[in-house]
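Trainee: I should be grateful for a close look at one part of this structure. Please choose one pair of packed elements, describe it in detail, and then set it in its surroundings.

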Amino acid sequence: MEPFTTLNAIAVPMHEANIDTNQLCPTRYNKVPRGPRYREILFYDQRNRPDGTKTEFMLNAAPYDQSGIIVADRNFGCGSSRETAVYALYEFGIRCVIAPSFGDIFASNCAKNGLLALTLPDEQCAAIRRQLQDQPGAKISIDLAAQTVTDVAGKTHRFEIPEVRKRCLLEGLDDIARTQQYSRQIEDFEKSYYGNNPWLPVTARE
Amino acid sequence: MKPRTLIEKLWDAHHVLTAEGESLMYVDVALAQENTLHGFVELEKSGRSVARPQQIFAFTDHYVPTTGRSKGPEGIADAGIRNMVIDLQNMAKKHGVTLFGMDHQHQGIMHIVPPEQGIIQPGMMVIGNDSHTSTHGAFGSLAYGVGASEFAHVMATQTLWQRKPKTMRIVIDGALGFGVHAKDVILALIAKIGVDGATGCAIEYAGSTIAALSMAGRMTICNMSIEAGGRVGLIAPDDKTFAWMEGRPYAPTGKAWERALDGWRALANDTGAKFDREVTLDAAAIAPTATWGINPAQAAPVTGTVPNPAEEKDAKKRAELEIALEYMALRPGTALQDIKLDRVFIGSCTNARIEDLRAAAEVAKRGKAKITTWVVPGSMAVKRQAEAEGLDQIFIKAGFEWRDPGCSMCTAINGDHLQPGERCASTSNRNFRNRQGPGGRTHLVSPAMAAAAALKGRLADVREILN
């Protein structure tokens, strides 16, 4: 996984709440193997008309076709667990989504792919979206180590992130490698777990 | 010791260790589907293998056709869809995980087959590569939906990193009214607490209404927890749960059964256990319900009307209403029962169990479908049972199409989908834009309400047909 340290990028404001993963990656594209094709898949049904022509959707034109950050409203990434939603954001070039809240599964999926799902309070998200509305194509900055967002006006907002999630993002650390250092503890746990629950693990009756 | 909730007991029972604020949790069973190919690819790319194949189960449900299956997976016309089914089957065989493939006698939806088989048991921690994995909480298990990376992690280590969720108890009391089903309860609940009302929480459903529900009804409720933002939703196991378990192919037997039963009976909340949040809902006040908008919280009693954005004072909420009504092509103030439909879909992990089909058939036998109506059973076992009861004949006589098991037009990826602009009454779980096909419009309802809609060609009050 590519480490995430700092980011200075064009930020696109999205004012709608509850943007679901079905919009980020329409279901019919879930079968596409991970790769650059996902750049076109992001928000496909908003960006394309049924006849194949492009819509006016923000991400289709400059400056937002170069976006690295989305500033959204609450419950971004709700719905389906599809990780293809994160593949699509990533291939488009989005490395950070800022929102007041996220779908739980989506937020986990982001963390496993080097994408920062960054939570700021409602009013701060709304204020940043207003700034971006007034200055299309403006950049904002994120410093993960310092846990700060610097908005268009130069104002700094501190954000919270669990320590371990921060470390994994900063180091680009693979979760499985992190877990394998505990393999002895997992084995010990299994012994005691199956001792207490002798009817497990599940087995089909022959 | 501090009194513990069921959620806390399940958490403690699977907790391996805590490091840097995250807990490593031991997983009993993990459920895969065709899209889990992304997870398998990731696992293989990292050079790792499946740690405990006996505890991983793979299902062909999202991509399988629901008609014309005689030639098996090779006979699927669309190459992209065909490859998803075949690749998953090959991947499952390669890694030695248990496969319920397209030609399996128990093929079906990943949230319907495991409970039928007794694979899901009280007290378990269950992981599924699908957000509706919360369904399995109906058995008193801690069931998490995860993405491909976390699923690959479970395959490699049989564990999952999690932060302890906040606990939320939703107490639903009272008798359900005539024509009101579990689906109406969960739609009414989501309308009350909102689509992010339970974000970050594990939900326990309790109260007399929940106790009175069948296991199928309980699964419908837990299934849609994610539609309120809750990754986990569960119900304490009781005698109904244990009766369901007994004799299932994967259920313990003999002495092991007695031992398991003792363990399962200890899973209730301790007296005095505290939840972080409590919500109550009066079941008697719930009417047959339908959604009118583009998320599951945008729902109303079938006797209600489409809201008027002009009457909404909050600008943000007004904008949300306007977006919903524009997509749904609905005028403010329209009576829900005046909304004309093009299609009806009865199926999905939410509502494709035998009890759901019985409720739909009870309505179907009172008339003829005015519009194209599909019934897609949740599994081969449900299909066979329905045929043994003659439900298939009731549906066929009413002009409904009787199809083969799969996710079908809920997730609309197997080739079953709405045409742009088509409007569908659906027993599935999501009315998001484009969910049932680009430009499709979805009204979520119960199976009984879906059958009523079929007979009328519009959203209809099932109580008027049954009376």
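Mentor: Let us take helix H12 (residues 354-364) and helix H15 (residues 447-456) of chain B, whose axes come within 7 Å and cross at roughly 30 degrees. The model is a predicted one, in which local features need pLDDT of at least 70 and side-chain atom pairs count only at pLDDT 80 or more, while totals for chains, interfaces and linings use all residues. Residues are numbered from 1 along each chain as its sequence is written, and chains are lettered from A and ligands numbered from 1 in the order in which they are written.

The element names refer to DSSP runs numbered from the N terminus, helices being H or I with at least four residues and strands E with at least two. Axes are lines fitted to C-alpha atoms, for helices over the stretch in contact, and angles run from 0 to 180 degrees between N-to-C directions. The crossing angle makes H12(B) roughly parallel to H15(B) (under 35 degrees counts as roughly parallel, over 145 as roughly antiparallel, 65 to 115 as roughly perpendicular and the rest as oblique). The crossing of H12(B) over H15(B) is right-handed (the near helix is turned clockwise from the far one by less than a right angle; anticlockwise would be left-handed).

On the H12(B) side, the contact is made by B:Asp356, B:Leu357, B:Ala359, B:Ala360, B:Glu362, B:Val363 and B:Ala364. H15(B) contributes B:Pro447, B:Ala448, B:Ala450, B:Ala451, B:Ala452 and B:Leu455 (two residues are in contact if their C-beta atoms, placed from the backbone, lie within 7 Å). By class, 11 of the residues in the contact of H12(B) with H15(B) are nonpolar, none is polar and two are charged (Ala, Val, Leu, Ile, Met, Phe, Trp, Tyr, Cys and Pro count as nonpolar, Asp, Glu, Lys and Arg as charged, and the others, Gly among them, as polar).

H15(B) also lies across strands of chain B, namely E15, E16 (372-375) and E18, and runs at about 155 degrees to E15(B). These strands belong to an open sheet of five in chain B, with the order E17-E16-E15-E18-E19 and parallel pairing (two strands pair if DSSP finds at least two bridges between them). Strand E17 (401-402) and strand E19 (441-444) of chain B stand at the edges with a single partner strand each, so one side of each is left without a neighbour in the sheet. Strand E15 (residues 343-346) and strand E18 (residues 423-426) of chain B pair in the parallel sense over three bridges. B:Phe345 stands opposite B:Ser426 of E18(B).

Chain B offers a second open sheet for comparison, in which five strands follow the order E5-E4-E3-E6-E7 with parallel pairing. The edges are held by strand E5 (98-100) and strand E7 (142-145) of chain B, each with a single partner strand, so one side of each has no neighbour in the sheet. On average, and with direction ignored, neighbouring strands of this sheet are turned by 20 degrees against each other. Strand E3 (residues 29-32) and strand E6 (residues 125-128) of chain B pair in the parallel sense over three bridges, and B:Ala30 stands opposite B:Ile127 in E6(B).

Another helix pair may be set beside the one chosen. The axes of helix H6 (residues 182-193) and helix H8 (residues 215-223) of chain B come within 8 Å and cross at roughly 25 degrees, which makes H6(B) roughly parallel to H8(B). The crossing of H6(B) and H8(B) is right-handed. B:Ala182, B:Lys183, B:Val185 and B:Ile186 of H6(B) meet B:Gly217, B:Thr220 and B:Ile221 of H8(B). The residues of this contact between H6(B) and H8(B) comprise four nonpolar, two polar and one charged.

For the wider setting, chain B contains 16 helices and 19 strands. Its C-alpha trace spans about 55 × 55 × 45 Å along the principal axes of chain B. A compact globule of 467 residues would have a radius of gyration near 23 Å, and the 21 Å of chain B agrees with that (the radius is taken over C-alpha atoms, and the globule rule is 2.2 Å times the number of residues to the power 0.38). Finally, 61 residues of chain B are in contact with 49 residues of chain A.
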